[in-house]
Amino acid sequence: MFRKVLIANRGEIACRVIRTCRRLGIATVAVYSDADANAQHVIQADEAVHIGGSRPAESYLRGDVILDAAKRTGAEAIHPGYGFLSENADFAEAVEATGLVFIGPGAASMRKMGSKAGAKNLMQDHGVPVVPGYTGENQDAALLQREADRIGYPLMIKAAHGGGGKGMRIVRASSEFAANLESCQREAKNAFGRDRVLLERYVETPRHIEIQIFGDAHGEVIHLNERECSAQRRYQKVIEESPSPFLTPALRAQMGAAAVAAGKAIDYRNAGTVEFIVGPRGDFYFMEINTRLQVEHPVTELVTGLDLVEWQLRVAAGDPLPLLQDQVTTRGHAIEVRLYAEDPEQGFLPGSGRITRLALPQPDARGRIDGGVIEGDTVSIFYDPMIAKMIVHDIDRPAALRRLAEALAQCDVLGPKSNIDFLEQLIRHPAVAKATIDTGYLDRHLDEVLATPTELPEPAMIAAACAELLAEETSAMD
């Protein structure tokens with residue numbers, strides 16, 4: 001096992017990795033930007049190295065500076081967390097070239113997933129179900145129109161390189177295709193530098209279900225069952241849970257086998273997530289492989305009782321997978337939500353500023369808080385405004401939802417606005433409670449979920465105004 005690991009990340013994921021390393025007796029090195037000089041991951045690590053300015057391009061995206069920090073501190077391996085350089089094949093390759101270990105998949109595996117079109121073709125060749133569509137390199141507009149008409153409508157135009165919901169358009173009629181194609185290509189060019197697109201049949205009211213996989217250096221790949229992430233807003237996950245309330249045992253087995261086949265197709269090592277789109281009738285199709293640990297990995301940890309970061313470290317050190325497929329067991333139901341400094345009533349505008357009060361439930365056997373800030377810290381304008389992840393576990397889904405409601409009721413954030421009220425409303429919504437939500441539901445029905453201020457009866461408003469005036473008069477007399 002490693003003696004010292006550098007964590008090439010910040011915030012809650014850096015703190016999360018530090019916890020496991022500390023338990024295993026592994027020394028940790030944090031890296032930090034100007035904005036993070038007093039951040040929790042810097043305080044919690046055994047050592048910390050300043051790597052540059054506040055903007056990610058000046059610090060957390062500087063692979064050369066991070067490598068230099070690893071060499072100067074004697075780190076043997078680098079854990080990239082998620083985001084930043086975690087899926088950068090050039091960085092992974094550079095880490096290995098210096099004789100250090102990259103705690104993640106190899107660069108070759110990442111590159112095979114770098115192009116959506118190439119990944120789709122590869123998966124199809126290995127028997128993994130893919131959405132019918134067109135992934136060719138010929139981008140002639142007339143040919144794309146013909147292919148769209150062949151695939152049928154509705155269909156989706158997607159940037160072949162990229163993600164995060166950018167460069168995506170849904171087209172519902174042949175007459176709408178040309179204008180949407182031009183718009184999509186323009187956005188893809190601006191966001192990713194390349195305007196190549198692929199076409200896919202659009203699955204109406206789909207679910208988003210992903211399978212956690214793990215591979216080792218000995219050729220073994222297994223899965224740790226699924227997480228459902230169908231509650232999304234603008235392609236960003238809002239609620240993650242395991243097990244999926246939609247899957248039958250037979251469908252779970254089919255999707256697990258497909259995910260393992262996907263991992264083997266790219267000689268996968270370490271933690272990864274195979275994401276599927278699932279139709280209302282249980283038809284499922286490969287979307288992509290996220291070649292890193294996922295933000296929502298704690299729900300898998302709570303239902304399996306496993307520490308996925310520990311698995312990452314052991315696999316990266318050359319150990320075989322700790323369990324075989326038939327040894328993986330699950331119990332109960334886990335749900336995760338993310339507390340953000342954002343204003344849902346203003347289009348979820350990201351917030352920033354000093355947190356003057358942060359009250360969160362005390363972690364216990366049934367509830368977990370993964371955070372990167374504490375009361376008194378500042379949410380920076382330079383990074384993701386996540387305050388914490390709240391994860392609960394109970395015997396079944398209804399019990400887990402009740403426990404989550406109780407946990408959210410104990411939360412209080414003063415300083416930047418937060419999404420706590422929104423989450424409280426959302427988990428009580430019938431589409432969530434009945435597990436009928438699809439990936440587009442929130443975008444279609446957001447007004448149903450957003451908390452609306454309750455208007456007081458007129459007598460109560462008059463009484464409140466009088467009380468305020470009396471208080472002001474008393475204060476003036478003091």
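**Exercise 1: a helix-to-helix pair**

With a relative accessible area of 39%, Arg111 is partly exposed. We're working on a predicted model here. Which residue meets Arg111 in a salt bridge, and how far apart are N and O?

*Solution.*
- Step 1: look for the acidic partner. The side chain of Asp90 meets that of Arg111, at 2.7 Å from N to O.
- Step 2: place both ends. Asp90 sits in helix α4 (residues 89-97) and Arg111 in helix α5 (residues 107-113), so this salt bridge ties together parts that are 21 residues apart in sequence.
- Step 3: check the acid's surroundings. Asp90 comes out at 54% relative accessibility, so Asp90 counts as exposed; the cut-off for that class is over 50%.

**Exercise 2: following shared partners**

Which residues are joined into one network by salt bridges that share partners?

*Solution.*
- Step 1: collect the basic residues. Arg16, Arg19, Arg23, Arg314 and Arg368 belong to the network.
- Step 2: add the acids. Glu301, Asp307, Glu310 and Asp370 are in it too.
- Step 3: put that in context. The structure holds 37 salt bridges, and the general idea behind such pairing is that side chains of opposite charge can pair when their charged atoms come close.

**Exercise 3: strand to strand**

Glu47 forms a salt bridge with a lysine: which one, and what is the closest N to O distance?

*Solution.*
- Step 1: find the partner. Lys4 is the one, and the closest N and O atoms are 2.5 Å apart.
- Step 2: locate the two residues. Since Glu47 lies in strand β3 (residues 47-52) and Lys4 in strand β1 (residues 4-7), the pair links parts 43 residues apart in sequence.
- Step 3: compare each value with the classes. Glu47 has 29% relative accessibility and counts as partly exposed. Lys4, at 17%, counts as buried, because buried means under 20%.

**Exercise 4: loop to loop**

Asp36 and Arg10 also meet in a salt bridge. Where do Asp36 and Arg10 lie, and is Asp36 buried or exposed?

*Solution.*
- Step 1: get the distance. N to O is 2.7 Å for the side chains of Asp36 and Arg10.
- Step 2: read off the positions. Asp36 is in the loop between β2 (27-33) and α2 (40-44), while Arg10 is in the loop between β1 and α1 (11-24), so the pair ties together parts that are 26 residues apart in sequence.
- Step 3: sort out accessibility. Asp36 has a relative accessible area of 3% and is buried. Arg10, at 18%, counts as buried as well.

**Exercise 5: backbone oddities**

Which peptide bond is cis just ahead of Pro154, and which one just ahead of Pro243? What is phi for Thr205 and for Asp267?

*Solution.*
- Step 1: recall the baseline. Most residues other than glycine have a negative phi, and most peptide bonds are trans.
- Step 2: handle the prolines. Tyr153 and Pro154 are joined by a cis peptide bond with omega about 0°, and Pro154 is in the loop between α7 (141-151) and β7 (155-159). From Ser242 to Pro243 the bond is also cis, omega being near 0°; Pro243 is in the loop between β12 (236-242) and α9 (249-265).
- Step 3: handle phi. Thr205 has a positive phi near 40° and lies in the loop between β9 (197-201) and β10 (207-215). Asp267 has a positive phi of about 50°, and its place is in the loop between α9 and β13 (270-278).
- Step 4: finish with accessibility. Thr205 is partly exposed at 38%, whereas Asp267 counts as exposed at 55%.

Note on methods
Residues numbered from 1 in each chain as written. Predicted model: local features only at pLDDT ≥ 70, side-chain atom pairs only at ≥ 80, totals over all residues. Heavy atoms only, no water. Salt bridge = Lys/Arg side-chain N within 4 Å of Asp/Glu carboxyl O. Helix = DSSP H or I, 4+ residues; strand = E, 2+ residues; numbered from the N terminus. Buried < 20%, exposed > 50% of the residue type's maximum accessible area, 1.4 Å probe, protein only.
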